[in-house]
Amino acid sequence: MTFRMSLFNKGLMASDLKRFWWVSALYGLFLILILPFHHMVQDIPASNRWAREMLQRSLDIFSGQSGMQAILICTVPIILVVLLFQYLHNSRAVAVMHSLPFNRYTLFCSHSVAGLVLLLLPVTVTGLVLAVLNMTTPLKEYYSLLDILRWMGMTALFDTLLFAITVFVGMFTGNAIAHIAFTYILQVLPIGLYVLLTENLRHLIYGYASLNHPGDLRYNFPLMMFTSGTESDLFTAGTVAVYLLFAALFLAAAAYVYKLRHAEAAGDVIAFTIMRPVFKYGVTVCAMLLAGAYFANVYRGAFPIIVWGYVLGSLLGYFTAESLLQKSLKVWSSYRGYLGYIAIIVVLLLGIVTDATGYVHRVPEPEKVKKVYFGTNINAWIYLEKLKDIKDQGIKYEGAIFFENRDNIKHITRLHRQLLQNPRDKKGVPRYIIYTLKDGGYLVRQYYIDEKQYASLLKPIYESLEYKQARFPVVAQDPAEIKLIEIDDDRTPKRAVILTDRVEIGEFAARLQQDVLNTTFDELVARTDDYVHINIEDVNGRSVHYTLRDGYRSVINWLKEKGYYESIMLLPDEVEYAVLEYPLPPEASKTGSASRRVEIRERRLIEELLSINGPDDFTDRDKTISVIFSGRATTGPFEFHRFIHRDWPVSAALKEYMQQLD
């Protein structure tokens, strides 16, 4: 009994309840307006499935229907804690409070319990109102008492967790604004610091890539969970227990720190002397990384510009932190600490530039490699290789290219070594090379790879059976598993042809497999307009999309033999004329300027415009020409657009028409 009275004082708790009841009342009012009141004013029949789902989702704080609830959870506990412990921010108030005949544990526990009562009472009342309405109104058709209890539990859990975090943070500062800011910063810091580090290393270290993803954290702070789209299904009994344990640990640590805290810390941004260097250099590092990442992205990763960003950011961060700590702008005398910091950063940068660890030039020997992932989507590798999570993925990551053939592994390591001969080259498409080593380890790199520049090294890889089976699943697909094949041309209003006959499906699949296997490297990397689609749906309802390339001669001949070609495809004779036009820039429309146009009716030139293609790596967008084709098919008139470039090779006659646009 004596122990209980020494930790909790009824007078202190009653005082807090009387002073801050309005915070609890406002919180409860908002919750009642958002949930029970909103539910009552809905006049939707229970048979409406969409309405039922919307009301159920309003009781899920992680759903898109509960944004206001998430905002309340992320603000009300913080405001309440700052009010409860506001005496720690004023030297006179803290002297008065600590002169009362209570030890610090009694003060801490009494304020904390009063705060939790004020915080959780509105949740309980709202839950009871929802339960009464559920039992006495048609709302029971939309959600159950279990849904209400789940909402109460999740809301109370995160209110308590954020309350505990805010109390913990408050013990390290004597400033109300800093208290609020540090609470939010603490929640963002782990992911934010990780993102800043990886973004900087990506620009500083050639080939750097990380296998970890910020969203992969099993446990996270409330603010980051609400903003990252965390699903409530992840909260099992074990997860809830862990978060309750975290809340208890934050409160216990806060109580211990409160006992050590000096009363003189009131008004200081950092309450403990030992934490001041952590704050000062922490702000410096974050400001430096932020400025470095900004300059790297704006100025395309030039190393001198990144260094300039580091200098500017670290200067601003260091002396801003010093100004806050010393409560003065006269902080230039603290330059020695900054010089020491710069010396450490210079050593680290020199180590990165000289590749002191050998990271950049590390290429595994082919015989030590089990398999290699070579593709653009690192999430595919994470799910399929690292997490071994292949269920419920559908075809989302089908097509992820893993190479196990020894020749292909040798070709990729040879390509990797060649890429190291041209560091900082950012032409082409960014691709990941991820080695799964025989010893169980991984080696991951990311490079910009220009398919033309490295054609001789990519050719045997692209033309291999492994590559084509991954990129074109039809190569290894059993025709018996195909439900239907749909062929459609976006350029015309003609109806798509759907193959459902087993014989035709088998013939078409065999022709497509043959054409894909015969496709050369040059054809695979050539620019192709995605107008004609082949959509193959299997018996499980999964669909894979392919583009009908000009090189698929066997498929095209089969379509002609069956009489499908004319009923699907745009025929050159169906185009009556084409118009070349320079697209107007946005500012031209304001001045009333007319676009420059020229009409072409020569059949030969129309056919050339339909078939012309060129490289897609041109940079001068001002030379882009819009081509508008107009005509009439058997199903009616049509019009479609495409773009060409003035630098593409064209006939002299077509060149003359282009010059008329000048």
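Two residues are in contact when heavy atoms of theirs lie within 4.5 Å. The exercises below concern a predicted model.

**Exercise 1. The surroundings of Leu580**

Determine which residues Leu580 contacts, leaving aside neighbours within four places in sequence, and place Leu580 in the largest nonpolar core.

Solution.
1. Applying the contact cut-off to Leu580 gives Arg596, Arg597, Val598, Ile600, Leu609, Ile625, Ser626, Val627, Leu654, Tyr657, Met658 and Leu661, once neighbours within four places in sequence are set aside.
2. The largest nonpolar core holds 95 residues, and within this core Phe508 and Leu580 touch the most other members.
3. Helix α20 (residues 502-518) supplies the largest share of this core, with five residues.
4. Another core lies apart from it and has 77 residues, including Phe62, Phe226, Phe250 and Ala266.
5. As background, nonpolar side chains in soluble globular proteins tend to be buried together.

**Exercise 2. The setting of Asp489**

Establish whether Asp489 is buried or exposed, and identify the polar contacts of its side chain.

Solution.
1. Asp489 belongs to strand β5, which covers residues 482-489.
2. Its relative accessibility is 1%, and the limit for a buried residue is under 20%, so Asp489 is buried.
3. The side chain of Asp489 makes a polar contact of 2.9 Å with the side chain of Arg491.
4. The side chain of Asp489 also reaches the backbone nitrogen of Leu570, at 3.0 Å.
5. With residues up to four places away in sequence not counted, Asp489 touches Tyr531, Val532, Ile568, Met569 and Leu570.

**Exercise 3. Salt bridges and their exposure**

For the salt bridges Glu581 with Arg597, Arg511 with Glu561 and Glu463 with Lys459, state the separation of the N and O atoms and describe the setting of the residues.

Solution.
1. In the pair Glu581 and Arg597, the closest N and O atoms are 3.2 Å apart. Glu581 lies in strand β9 (residues 575-581) and Arg597 in strand β10 (residues 597-600), so the salt bridge ties together parts 16 residues apart in sequence. Glu581 has a relative accessible area of 15% and is therefore buried.
2. Between Arg511 and Glu561 the closest N and O atoms are 3.9 Å apart. This pair links distant parts of the chain, 50 residues apart, with Arg511 in helix α20 and Glu561 in helix α22 (residues 553-561). Arg511 is partly exposed at 24%, whereas Glu561 is exposed at 59%.
3. Glu463 and Lys459 meet at 2.8 Å, N to O. Glu463 is partly exposed at 30%, and Lys459 is partly exposed at 38%.
4. The model has a count of 17 salt bridges. Asp268, Arg276 and Lys327 are linked in a network of such bridges.

Key. Residues numbered from 1 in each chain as written. Predicted model: local features only at pLDDT ≥ 70, side-chain atom pairs only at ≥ 80, totals over all residues. Heavy atoms only, no water. Helix = DSSP H or I, 4+ residues; strand = E, 2+ residues; numbered from the N terminus. Buried < 20%, exposed > 50% of the residue type's maximum accessible area, 1.4 Å probe, protein only. Polar contact = N/O pair within 3.5 Å; in protein donor to acceptor, adjacent residues only side chain to side chain. Core = buried A, V, L, I, M, F, W, Y, C linked by side-chain atoms within 4.5 Å. Salt bridge = Lys/Arg side-chain N within 4 Å of Asp/Glu carboxyl O.
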